[in-house]
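Thanks for making time for this one. I would like to walk through a single chain slowly, and I would ask you to keep the picture in view while I talk.

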Amino acid sequence: MRHYETDSTPAAARLLALTVLADGGLDRNEVDAMMHTDLARRLGIGSVEFERILREYCDDLLASANYLDGMRLKVADEVLDLLLEDITDPALQQALLRTMQEIVSADGVETTAEVDVLARALEKWSRRPHARALN
């Protein structure tokens with residue numbers, strides 16, 4: 001997978017693209033829902049920018065994915081973790097989680113693959129470093 005700057009618009013847009021494609025297909029309802037979110041407006045993700053990131057993600061996915069069957073690709077868990085690590089700002093993480101949920105819900109069907117992506121993001125971003133006890 002290509003690297004984008006931490007907390008950048010392309011890094012966030014790639015996670016949105018991953019969420020749109022998590023169920024194995026490109027659904028217009030999911031893309032439309034994503035494009036109308038506050039996060040997309042705040043980050044300035046327009047249709048041209050999103051389509052570029054989506055194409056780049058698909059290229060990367062084809063080069064580095066674990067195949068589930070002849071029709072679907074699934075990004076490896078360790079790769080998903082690396083993509084999630086590109087977002088370190090807690091406010092951006094929360095906004096992404098909300099937007100990812102909106103995408104997943106947009107077509108009225110929440111697949112196991114979509115829920116797995118959300119759960120992985122929630123798990124990864126919920127981890128808080130343990131504070132050291134002062135002596």
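Let me begin with a question: where is the place of D7 relative to α1? D7 sits in the segment before α1, and I should say at once that what you are looking at is a predicted model, so every value I quote is computed from that model. What draws attention to D7 is its backbone, since its phi is near 60°, a positive value in a residue other than glycine. As background, most residues other than glycine have a negative phi. D7 is partly exposed, with a relative accessible area of 26%.

Let me step back to the overall layout before returning to that segment. The protein chain has 7 helices and 2 strands, and reading from the N terminus the elements run α-α-α-α-β-β-α-α-α, with the two strands following the fourth helix and preceding the remaining three. The chain has 135 residues, of which 41% count as buried. Its accessible surface comes to about 7,800 Å², and 52% of that surface belongs to carbon and sulfur atoms. If we take the contacts between residues at least 6 apart in sequence, 74% of them join residues at least 24 apart.

Now back to the segment before α1, where we also find Y4. Is Y4 buried or exposed? Y4 has a relative accessible area of 10%, and because the cut-off for buried is under 20%, Y4 counts as buried. Not counting residues up to four places away in sequence, Y4 touches P10, A11, R14, I53, E56 and D86. The pairing with D86 spans a long stretch of sequence: Y4 and D86 are 82 residues apart along the chain, while their C-alpha atoms are 7.5 Å apart in space.

Two of those partners, P10 and A11, deserve a word each, and both belong to helix α1. P10 is buried, with a relative accessible area of 18%, and, leaving aside its neighbours within four places in sequence, P10 is in contact with Y4, E49, R52 and I53. P10 and L54 are 44 residues apart in sequence, and their C-alpha atoms are separated by 9.8 Å. A11, for its part, is buried at a relative accessible area of 1%. Which residues does A11 touch, once those up to four places away in sequence are set aside? They are Y4, E5, D86 and I87, and the C-alpha atoms of A11 and I87, which are 76 residues apart along the chain, are separated by 7.2 Å. So if you follow D86 in the picture, you will find it in contact with Y4 and also with A11.

I87 leads us to the interior. In soluble globular proteins, nonpolar side chains tend to be buried together. Here the largest nonpolar core has 40 residues, and those with the most contacts inside it are L16, F50, Y57, I87, L96 and W125. The elements that give two or more residues to this core are α1 (9–21), α2 (28–35), α3 (38–43), α4 (47–64), α5 (77–85), α6 (90–105) and α7 (112–126). Which element supplies the largest share of this core? That is α1, with 9 residues.

From that list I would single out F50, which is found in helix α4 and which counts as buried at 2% relative accessibility. Beyond its neighbours within four places in sequence, F50 is in contact with A13, L16, A17, V20, V31, M34, M35 and I45. One of these partners, V31, lies 19 residues away along the chain, and the C-alpha atoms of F50 and V31 are separated by 9.2 Å.

F50 and V31 also meet in another context, since both are among the residues that line the second largest pocket. About 150 Å³ of space lies in that pocket, and its lining is made up of L26, D27, R28, V31, D32, M35, S47, F50, E51 and L54. The elements that give two or more residues to the lining are α2 and α4. How does the lining divide by class? It has 5 nonpolar, 1 polar and 4 charged residues.

To close, I would leave you with F50, which has a place among the residues with the most contacts inside the largest nonpolar core and also in the lining of the second largest pocket.

Technical notes:
Residues are numbered from 1 along each chain as its sequence is written. This is a predicted model: local features need pLDDT of at least 70, side-chain atom pairs count only at pLDDT 80 or more; totals for chains, interfaces and linings use all residues. Side-chain values use heavy atoms; hydrogens and water are left out. Helices (H or I, at least four residues) and strands (E, at least two) are DSSP runs, numbered from the N terminus. Buried means under 20% relative accessible area, exposed over 50%, partly exposed in between (1.4 Å probe, protein chains only). Contact means heavy atoms within 4.5 Å. Accessible areas come from the Shrake-Rupley method with a 1.4 Å probe; for residues, only the protein chains shown count as cover. A nonpolar core is a set of buried Ala, Val, Leu, Ile, Met, Phe, Trp, Tyr and Cys residues joined through side-chain atoms within 4.5 Å. On a 1 Å grid over the protein atoms alone, a cavity is a set of points where a 1.4 Å probe fits but cannot get out, and a pocket is an open set with protein on both sides within 12 Å along at least five of seven lines; lining residues have an atom within 4 Å of a point. Grid points are joined across faces, edges and corners, and a volume is the space filled by probe spheres set on the points. Ala, Val, Leu, Ile, Met, Phe, Trp, Tyr, Cys and Pro count as nonpolar, Asp, Glu, Lys and Arg as charged, and the others, Gly among them, as polar.
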